[in-house]
Amino acid sequence: MGVMSSVKHPHPSRQDSHASSGQPEILEINRLLELRRSSIHGWGVFARCDISEGARLIEYVGEKIDKEESNRRGLAQYEKAKETGEGAVYIFDLDEEWDLDGDVPENYAKYINHSCAPNSEAVNEDNRLWIFALKDIPANGEITFDYGYDIEHYLDHPCRCGAPECMGYIVSRVQWPKLRRILARTRAAQKRAAGKSTKKAAKKTKKATTKKRKTR
Ligand SMILES: C[S@@+](CC[C@H](N)C(=O)[O-])C[C@H]1O[C@@H](n2cnc3c(N)ncnc32)[C@H](O)[C@@H]1O
Ligand SMILES: [Zn+2]
């Protein structure tokens, strides 16, 4: 899956009417799911009732595109995202030849946020992507999955999933061991740098004290 993007506003007219009436902004997606604001980021998808492990939640629909078009869109959307500070692309790998660009209005699954402790997963069934519950999800629980982002640009994707095991960055679980090593090295380097600057500051204070004594 490529980098994903956020949409500024999924339902402007709906939000305007709710905002003026002071009611919460909630949109029913299907029997199981609804769309509302998320503490993780922007809009999120939530359970309308208790959901059992293994339940089929929603199809991730979109436009089927070949890899060349996918790379072109991915890059263009990523550049635009860097400019606006908003998210990026909604592209899923379907198979070796095809991808699915989920950036279409009817695709509510695109609002599912990432979590380091996801409760759902995307499954390719005959080249259709379905989101299934990985565990029992209580009513009002936010639906999340692992975006599976590559580690390469991890600094661009800080994670705010809030899970106790959050890695701090949106990176595929399979690359967590590598990310842990990188983060440990970074922390060690920062610690060394902080130690050096403390020593430097101590030296400066000593020099200043010595100078003062000399001038007496
Ligand atoms: C496909 S959108 C998900 C829906 C998004 N919340 C929205 O309102 O459009 C993906 C974007 O949501 C944000 N996002 C999703 N999960 C996140 C997380 N765990 N931490 C921080 N940002 C997240 C990132 O900006 C990401 O690029
Ligand atoms: Zn996280």
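Author: Before we look at a hairpin, two definitions are needed: helices (H or I, at least four residues) and strands (E, at least two) are DSSP runs, numbered from the N terminus, and two strands pair if DSSP finds at least two bridges between them. This is a predicted model, in which local features need pLDDT of at least 70 and side-chain atom pairs count only at pLDDT 80 or more, while totals for chains, interfaces and linings use all residues. Residues are numbered from 1 along each chain as its sequence is written, and chains are lettered from A and ligands numbered from 1 in the order in which they are written.

Reader: How many residues lie between β6 and β7 in their hairpin?

Author: There are 4 residues between β6 and β7 in this hairpin. The two strands run antiparallel and are joined by 3 bridges, with β7 covering residues 98-101; D93, for example, has D99 in β7 as its bridge partner.

Reader: In what order do the strands of the open sheet come?

Author: Strands of a sheet pair through backbone hydrogen bonds, either parallel or antiparallel. Here the 3 strands follow the order β5-β7-β6, with antiparallel pairing. The edge strands, each pairing on one side only, are β5 (63-66) and β6 (91-93). Between β5 and β7 there are 4 bridges, and E63 has D101 as its bridge partner in β7.

Reader: How many helices and strands does the protein have?

Author: The protein has 3 helices and 11 strands, and its elements, read from the N terminus on, run α-β-β-β-β-β-α-β-β-β-β-β-β-α.
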